[in-house]
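Visitor: I would like to learn how to read charged pairs and the nonpolar interior in a model such as this one. Could we go through them in turn?

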Amino acid sequence: MTLTREQIMNMPEGRELDTLVAQHIMELTIVPDGLKYSPRYYLPEYKETYHREVPNYSTNISAALEVVEKMRKNKIYLDIRVWPEEYQVLPHQDEHNKLIEHCIVKSPSLPEAICKAALLASLGAVSYTHLRAHETKAN
């Protein structure tokens, strides 16, 4: 799936964002033909027979911290900064602490910022690279 940075950034917190995080970050298999407002995923140990509701990653801080841990295991580290009016999540690549600048997210909601930064770092790099190549050709 290819999503642009703009599509991810304009997505409101909620079940659609939760489903994308479940699929692309947490690597869960979503039950097809499920309800949009109540997405479900198959429990891996039961080979697509039992399922459970997708966690509220974009609205629940406990669920969002699972995303932080998953990203850490994938060697993308999410630096969280707290400001009076917003949170900033800055993804860093590998142990060399290289900032992925185009994936920085600012939001009044920390779970939303975590989810969007994780998606951008995991999916958005391809779209951003393509976009940067177009900008270079145009100049």
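Visitor: How many salt bridges does the structure hold?

Guide: Side chains of opposite charge can pair when their charged atoms come close. This is a predicted model, and the structure holds six salt bridges. Among them, the side chains of Arg72 and Glu69 meet with 2.6 Å from N to O, and both residues lie in helix H3, three residues apart, which is about one turn of the helix.

Visitor: Are Glu112 and Lys116, which form a salt bridge, buried or exposed?

Guide: Both are buried, because a relative accessible area under 20% counts as buried, and Glu112 has 13% while Lys116 has 4%. Their closest N and O atoms are 2.7 Å apart, and the two residues, four apart in helix H4, are separated by about one helical turn. In the pair described before, by contrast, Arg72 is partly exposed at 44% and Glu69 is partly exposed at 36%.

Visitor: Which residues are linked in a network of salt bridges?

Guide: Such a network links Arg15, Asp18 and Glu53.

Visitor: Which residues touch the most other members of the largest nonpolar core?

Guide: In soluble globular proteins, nonpolar side chains tend to be buried together. Here the largest nonpolar core has 36 residues, and those touching the most other members are Val21, Ile25, Tyr57, Val67, Met71, Ile114 and Leu119. Helices H2, H3 and H4 and strand S3 each give two or more residues to this core, with the largest share, ten residues, coming from H4. Leaving aside neighbours within four places in sequence, Ile25 is in contact with residues including Val67, Met71 and Leu119.

Technical notes:
Residues are numbered from 1 along each chain as its sequence is written. This is a predicted model: local features need pLDDT of at least 70, side-chain atom pairs count only at pLDDT 80 or more; totals for chains, interfaces and linings use all residues. Side-chain values use heavy atoms; hydrogens and water are left out. A nonpolar core is a set of buried Ala, Val, Leu, Ile, Met, Phe, Trp, Tyr and Cys residues joined through side-chain atoms within 4.5 Å. Buried means under 20% relative accessible area, exposed over 50%, partly exposed in between (1.4 Å probe, protein chains only). Contact means heavy atoms within 4.5 Å. A salt bridge is a side-chain nitrogen of Lys or Arg within 4 Å of a carboxyl oxygen of Asp or Glu.
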